[in-house]
Amino acid sequence: MASSSSHIQPKSSVLIVGAGPAGGLLAYLLAKEGIAVTLIERHSDFSRVFRGEGLMPSGQEMFRQAGLWQQFDALPHSTFQDTEIFYKKKLLARQSFSFAQDTLSPRFVSQPHMLEMLVSECHKFKNFSFIKGVRVTKPLYDTANPHRITGVEIKDKDGTHVTKADYVFATDGRSSVMRKQAGLETPHNPESFDIIWCKLPMPDFLGTDTEKKSVRVYFGNGHLGFFIPSYDMLQIGWIIRKGSYKNFKKRGIEGWIKEMSRHVSDDMAAHLQMHSEDFVQPFLLDVVCDFYEDWSVPGMTLLGDAAHPMSPVGGQGINIALRDAVVAANHFIPLLKTAAKASRLDRAAIDFATERSTEVRAIQKLQHRPPRILLGKGIWLDILVLGIQAMQKTGLNKLVFKNFRFENTPFSKGITEVKLKKFR
Ligand SMILES: Cc1cc2nc3c(=O)[nH]c(=O)nc-3n(C[C@H](O)[C@H](O)[C@H](O)COP(=O)(O)OP(=O)(O)OC[C@H]3O[C@@H](n4cnc5c(N)ncnc54)[C@H](O)[C@@H]3O)c2cc1C
């Protein structure tokens, strides 16, 4: 790469900043249509960052539409049969997830493998290039039109470089530098909770068949924890009130295990204690659920978490990012293929944001609710639990939930129709 402030010859008409699910799928869809794409990723190794792994049918469907189903299906994954919900250590309910044969079911998919698969599929096109291990620091503005973004500045071990393109997509995630530098940052709303995340060996009591495992949810006394049998290990997401992480750090891993053990069932508590030495690097995830008012400036649009950071609730962020990529492809491909005028690209960015806002806003609204209810300590939570128990005793729950099918919920199938267009 050329040294400080020199200009790299543009290799592409499109730059995509960030190779997460949004950037990776968008790169593939554009490259497949012959558009010259440069994808830039800060990390040189996908496995080094934490990434959520739950993928709902609404996201998986995007791989099917992109013609990547076989590759996606071959990735390491697990599916689950039911969710066991525990209240104050005791089993409260078991919700089974029966899916019709021809429908997709939620799965936990290795994110590093998924992103590597997307990039390797992109490499099949000569018009694609991937720059990894470099950090994009800011947008580059047109000298003739200082309001228009025409590239990015990147930093690597050799210094600062610039690279130009006809259009820039910022898919650099929740803390997007491109968003900030382009002046699209607005005050944001952190959620009231954070998550401590870690992995440990899988217990047999959650099922030994990778296709038929049980997810466990523990709540009560102001605590909420998810125990998810992933494709390789058991993942724990332990919800804590925002700002309380320093208390956990003070107590150390042993203190945390002790604390969790007080709120989970006996079999899980024994498993935690038995594997106290095997916890894989617990770390704090700062949770936000945000929606930026403007997703574009001339020459650049945001998508995925860069436009609307998603909470982990309901495993929605990856799905939404993949669906953003498909809708962006629908709006931009016809224009990029015909080298349309800049003003038409800017119009497409606004149409894209308008189309995606409906689903993103509605899903985020649904994401806000469950933690607020389940983390509660008040009498209303006890009343709710008593109501559920009474329904179970009388069999009323079977009647009430007779027609409930997870596959018909917005978390499973999405809210708006997202269909990849055919391009000629
Ligand atoms: C605790 C937690 C658990 C979650 N679990 C789930 C789940 O199970 N299922 C689900 O669907 N969603 C989950 N989510 C949400 C999900 O992770 C995100 O919504 C999703 O990854 C967004 O995809 P994206 O492509 O927009 O951004 P990201 O996945 O964040 O990708 C952005 C990419 O840009 C790169 N990048 C960033 N800055 C730069 C830069 N300056 N230069 C170059 N590259 C850069 C990053 O390295 C990264 O690869 C979870 C979120 C959290 C916090």
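Is N221 buried, partly exposed or exposed? N221 comes out as partly exposed, because 13 other C-beta atoms sit within 10 Å of its own. Keep in mind that this is a predicted model. The domain assignment splits the protein into domain 1 (6-49 + 111-189 + 289-371) and domain 2 (193-285), and their C-alpha centres are 33 Å apart. Here is a quick tour, from the ligand site to the core and then out to a few local spots.

**The ligand site**

- The ligand has 38 residues around it, and G18, G20, G52, G304 and G317 come nearest.
- Both domain 1 and domain 2 chip in residues to this shell, so the ligand's surroundings lie between the two domains.
- Several elements give at least two residues each to the shell: α1 (21-32), β3 (37-41), β9 (135-141), β13 (193-200) and α8.
- Helix α8 makes the largest contribution to the shell, with four residues.
- Sorted by class, the shell holds 17 nonpolar, 13 polar and eight charged residues.

**The largest nonpolar core**

- This core counts 103 residues, and V14, L26 and L30 are the ones that touch the most other members.
- Helix α8 (residues 317-337) turns up here as well, giving the core its largest share, eleven residues.
- The core isn't confined to one domain: at least three of its residues come from domain 1 and at least three from domain 2.
- As a general point, nonpolar side chains in soluble globular proteins tend to be buried together.
- If you want to look at V14 on screen, its contacts beyond four places in sequence are L30, I35, A36, V37, A165, D166, Y167, F169 and L336.

**Strand β14 and the loop after it**

- F219 is part of strand β14 (residues 213-220).
- Why does F219 count as buried? F219 has 24 C-beta neighbours inside 10 Å, and the cut-off for buried is 20 or more.
- Setting aside residues within four places in sequence, F219 is in contact with Y87, L224 and L374.
- D142 is 77 residues from F219 in sequence, and the C-alpha atoms of the pair are 54 Å apart in space.
- N221, the residue from the opening question, sits in the loop between β14 and β15 (223-229).
- The phi of N221 is positive, near 55 degrees, and N221 is not a glycine.

**The loop between α8 and α9**

- A339 is another non-glycine residue with a positive phi, near 45 degrees in this case.
- You'll find A339 in the loop that links α8 to α9 (342-374).
- A339 counts as exposed because just 8 C-beta neighbours fall inside 10 Å, where the cut-off for exposed is 12 or fewer.

**Helix α10**

- Helix α10 (residues 379-394) has 16 residues and spans 23 Å from its first C-alpha to its last, close to the 22 Å expected at 1.5 Å a residue.
- How many of the 16 residues of α10 are buried? The count is zero, and the helix is hardly covered.
- Right after α10 comes G395, with a positive phi near 80 degrees.

Methods
Residues numbered from 1 in each chain as written. Predicted model: local features only at pLDDT ≥ 70, side-chain atom pairs only at ≥ 80, totals over all residues. Core = buried A, V, L, I, M, F, W, Y, C linked by C-beta atoms within 7 Å. Domains from an automatic or database assignment. Contact = placed C-beta atoms within 7 Å. Near = placed C-beta within 6 Å. Nonpolar A, V, L, I, M, F, W, Y, C, P; charged D, E, K, R; others polar. Expected span 1.5 Å × (residues − 1).
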